[in-house]
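User: I'd like a close look at the charged side-chain pairs in this one. Start with a single pair, then work outwards.

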Amino acid sequence: MNDYLKSYFSTIFIIFFSLFLNAQKSSEVLHVSKLIEDITSCEDSMFQLIDTNVKFNPRIYDDDIAFYNGGNIHYYDSVVKSRGYTVDSEVFLKKVSFREDLIMTFRHIEFNKPVVIFEMDNWWGGFSNCTFNQGLIIINSNIKDIWFKNCSFDGVYFSNNNIGSLSFNKCSFNRENIFKSYQLSNIFDDILLGIIDNDSELINTLIIKECDFKERTLFTDSTDYQNIFMVGGEFKNVEIDNSNFNKAIFSSNKLNVKSRFEVKETDFGYPLGFKGVNFLNNNTHFDYSLISGGKICLRDHNSEDIFVPYLANSDEQLIDVFNYKELISVYNKFFSMYKIRGDLTSANQCYVDLKEIETKMLAYEYSQNKSLNKFFELYINKFLKLFCDYGTNPAKSLIISFYIIISFAVFYFFFFSSWDQINRGFLIKQYRKILVYLTTDKHLVDFFDENQNEKIQSFKEFKQELSEARNKLPLFFYLLSRPLYQVSIIKYKILKFFYKKSEFNYGEWKNYSFRNRVFKSLLLFSFITFYGLYLFLLRALNSFVLSVNTFSTLGFGDIPVKGLSRYVAVIQGFIGWFLLTIFSVSLISQILQL
């Protein structure tokens, strides 16, 4: 019996002792430097740490201070760098908690296998100059703040985490290795640069600053696919600044930004997926020039079609009315945001892209139903795009109107106008005068007198009538009449004086010597050239004024042109009325948006 009791109590003791050891293991305490030492010295295929509290106490472990974020950071950074930490084992941390008031930074560590973290608690710190050659995965963790600076990732995965601030600064993202984890299946496709997805929890702030997202290098024979970086879920603030997505795709799925959404100085080489996006209109800063020209799209994150952006730019896509309306809704969200913020330039660019999509849908609908109504809807939209960018650019409509005025003026230039009366008969008449001038002893002043004879005679008659009625008129009326005659006769005398001084032909042409003929020929050629230029400018001015008058429909009584040009003037008047109406509406719409 005693032996039995001894055996029984021995068994109980062993069981309780084992439980005690297990309890110690589940509440294991590990210092920061010891954690790094264990990870970097692990020679197994996987380093695993579960249910552990990580402490910080430099008085017990002097090396703990090397991973503290305060103090002489530059000194300890160089110390850690000199050690050249390399981890060749997969790192798996689960239910590892850290001291709440401890700010740590892991520096200069190269992880050659996946780093997988589950249910981490109270982390407050970051990674500086670290390399994750097979990716970083953090899931279901409670993190105060976590930042990455000058780090390199071969894939990053954040899901369902409660994070105060998640920041990537001067980091690079690439896929050069196939993801292989002992704990997880292939959570990364070979084209995923990263996923930051929080369906159930909230990341307070996400910052991506001065980061570079690399071109696809893994399985490059698949040329139809590019690396992709996906963001989705709820965020309070999102900031993307001065980053490079030229060689990779940025896509969001049900992105819900509850406060500030800021994107600036970032290059996007591929259309951005904005399926289910939501943001505050009055607290979003997103320069539309970064995504103008059709870079807004929808991407299906649940299938391989994620690499085929829905842009509503083909018949196959336009058939999908649901996605078409969803894409229009996304454009309208951006358009409303720009209007509320008073960014008229971005609002106009966004509206033009929106109308471009609507015009493509009209073209598709017309191809399916060639009705007269669809025809006019389609070509009115195309015309509005050409003339005034769908009403957003009244200056463009003015420029096009000016070109139209010039075109009609060129046409009128070659047709007779009663304003200048320049035609073949007029030119022949002037040429005959030159013939008479060269073959007779008639002078220039004689031609002037012939042209002005009727006017001079009327001046003389006026003077005579005024003298005969002098005693019959009030004195003030007579005194006012005299200057009128004198001004008219002075103008005549001045012009006659210039004609006399311009005389160069004294006698008949045949009587001149060869030397005089050459000299006078040059003078005559200069005169004819000057006179021809004068007639050309006069005709051009009259044609331009006629075109402006007709286009603007100001009205001038009888149309001063005949024949074909009269009918053309009527057509131009209708065109001018139509285009100026559109210009007015376009201008008013821009004024009302201010």
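Analyst: Let's start with Arg539, which is buried, with just 8% relative accessible area (buried is under 20%, exposed over 50%, partly exposed in between, using a 1.4 Å probe and protein chains only). Bear in mind that this is a predicted model, with local features needing pLDDT of at least 70 and side-chain atom pairs counting only at pLDDT 80 or more, while totals for chains, interfaces and linings use all residues. Numbering runs from 1 along each chain as its sequence is written, and side-chain values use heavy atoms, leaving out hydrogens and water.

Arg539's partner is Asp420: the two form a salt bridge, and their closest N and O atoms sit 3.8 Å apart (the cut-off is a side-chain nitrogen of Lys or Arg within 4 Å of a carboxyl oxygen of Asp or Glu). The pair links distant parts of the chain, with Arg539 in helix α12 and Asp420 in the loop between α8 (394-413) and α9, 119 residues apart. Helices (H or I, at least four residues) and strands (E, at least two) are DSSP runs, numbered from the N terminus. Asp420 is buried too, at 12% relative accessible area.

Now for the wider picture. Searching the whole structure turns up eleven salt bridges. One of them joins Arg175 to Asp154, with 3.0 Å between the closest N and O atoms. Arg175 is in the loop between β15 (172-173) and β16 (192-209), and Asp154 is in the loop between β12 (152-153) and β13 (156-159), so this pair ties together parts that are 21 residues apart in sequence. Here again, both Arg175 and Asp154 are buried.

Glu262 and Lys264 make another pair, their side chains meeting in a salt bridge at 3.2 Å, N to O. Glu262 counts as buried because its relative accessibility is 9%, whereas Lys264, at 34%, counts as partly exposed. Glu262 and Lys264 also belong to a network of salt bridges that takes in Arg260.

While you're in the strands, have a look at β11 (residues 142-149). Strand β8 (residues 121-128) runs parallel to β11, and seven bridges join them (pairing takes at least two DSSP bridges). Trp124 stands opposite Asp145 in β11. Strand β14 (residues 162-169) is also parallel to β11, again through seven bridges, and there Ile143 has Ile163 of β14 as its bridge partner.
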